[in-house]
Amino acid sequence: MVSDVEQIRRVAAEVVDPEIPVLTIDDLGILREVRVDGAGHVDVDITPTYSGCPALDVIRADVARSVRDAGYPDVKVNVVLSPAWTTDWMSDIARRKLHDYGIAPPRERDAHMTLLKLAVECPLCGSAHTSEVSHFGSTPCQALLRCAGCAEPFPHFKEH
Ligand SMILES: [Zn+2]
């Protein structure tokens, strides 16, 4: 028997990021908490990847619709800004999906926020000989880099 909270979490977890549709909000770590009270009122907490993220309204609407469609009409999607999201909340699956989508994932950091690798590796050929072309790419979360190995430009989801 699956509880209401588990069932709601499952459908909400499938909502994708409109900017990077290979990633679900669960992959990104922005789906925080689901609560259901005795009267059937559902609260879903999400934390945006950065404040002012233009995708946020779309994600909120998609989460509310998915939960309503699953049979829970009384749903409220709350935006929780604290603690602030960081790329460290991204799952390994999310990093792998980003890489396969052609976006260099955010580099992993240790507990002191020190990057475990200095180079951003090219998602196309794996070369570590890359350099930044533009700090802001197609979205503010991404930078545009160029690879010296295969000469291709590629986006990098920046650490923050
Ligand atoms: Zn390359």
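These are my notebook entries on a zinc site, a three-stranded sheet and one helix, all read from a predicted model.

**Entry 1, the zinc site.** I began with the metal and looked up its donors, which are the SG atoms of Cys122, Cys125, Cys147 and Cys150, at 2.3 to 2.4 Å from the zinc ion. Along the chain I found that these donors follow the spacing C-x2-C-x21-C-x2-C. I then checked the geometry, and with angles of 103 to 116° among the four donor atoms the site comes out as tetrahedral. For reference I noted that the ideal angle for four tetrahedral donors is 109.5 degrees.

I also asked myself whether cysteine 147 is buried or exposed. Cysteine 147 has a relative accessible area of 2%, and because the cut-off for buried is under 20%, I entered cysteine 147 as buried. For cysteine 150 I read a relative accessibility of 27%, and I therefore listed cysteine 150 as partly exposed.

**Entry 2, the sheet.** Next I traced an open sheet of three strands, ordered S1-S2-S3, in which the pairing is mixed. Strand S1 (31-36) and strand S3 (75-79) are the edge strands, and because each has a single partner strand, one side of each lacks a neighbour in the sheet. From one strand to the next I noted an average twist of 20°.

Turning to strand S2 (residues 42-46), I found that S2 pairs with S3 in the parallel sense over five bridges, and that valine 44 stands opposite valine 77 in S3. I then looked for what packs on the sheet and found helix H3 (residues 56-69), which touches S2 and S3 and whose direction makes about 150° with that of S3. Helix H1 (residues 4-13), for its part, lies across S1 and S2 and runs at about 145° to S1.

**Entry 3, helix H4.** Which residues of helix H4 (residues 92-100) are buried? I listed Ala94, Arg95 and Leu98. Viewed down the axis of H4, these buried residues fall within an arc of 100°, so they line one face of the helix. As a reminder to myself, an α-helix has 3.6 residues a turn, so residues three or four places apart point the same way.

I followed the buried residues of H4 to their partners and found them packing against helix H2 (25-28) and strand S6 (153-157). On the face of H4 turned away from that buried side I recorded the exposed residues Asp92, Ile93, Arg96 and Asp100. Last, I looked just after H4, where glycine 102 takes a positive phi of about 95°.

Note on methods:
Residues are numbered from 1 along each chain as its sequence is written. This is a predicted model: local features need pLDDT of at least 70, side-chain atom pairs count only at pLDDT 80 or more; totals for chains, interfaces and linings use all residues. Side-chain values use heavy atoms; hydrogens and water are left out. Donors are N, O and S atoms within 2.8 Å of the metal (3.2 Å for Na, K and Ca); water is not among the atoms, so sites may look incomplete. Four donors count as tetrahedral if all angles lie between 85 and 135 degrees; four count as square planar and six as octahedral if opposite donors are over 155 degrees apart and all others between 65 and 115; anything else is irregular. Buried means under 20% relative accessible area, exposed over 50%, partly exposed in between (1.4 Å probe, protein chains only). Two strands pair if DSSP finds at least two bridges between them. Helices (H or I, at least four residues) and strands (E, at least two) are DSSP runs, numbered from the N terminus. Axes are lines fitted to C-alpha atoms, for helices over the stretch in contact, and angles run from 0 to 180 degrees between N-to-C directions. Contact means heavy atoms within 4.5 Å. The arc is that of the directions from the helix axis to the C-beta atoms.
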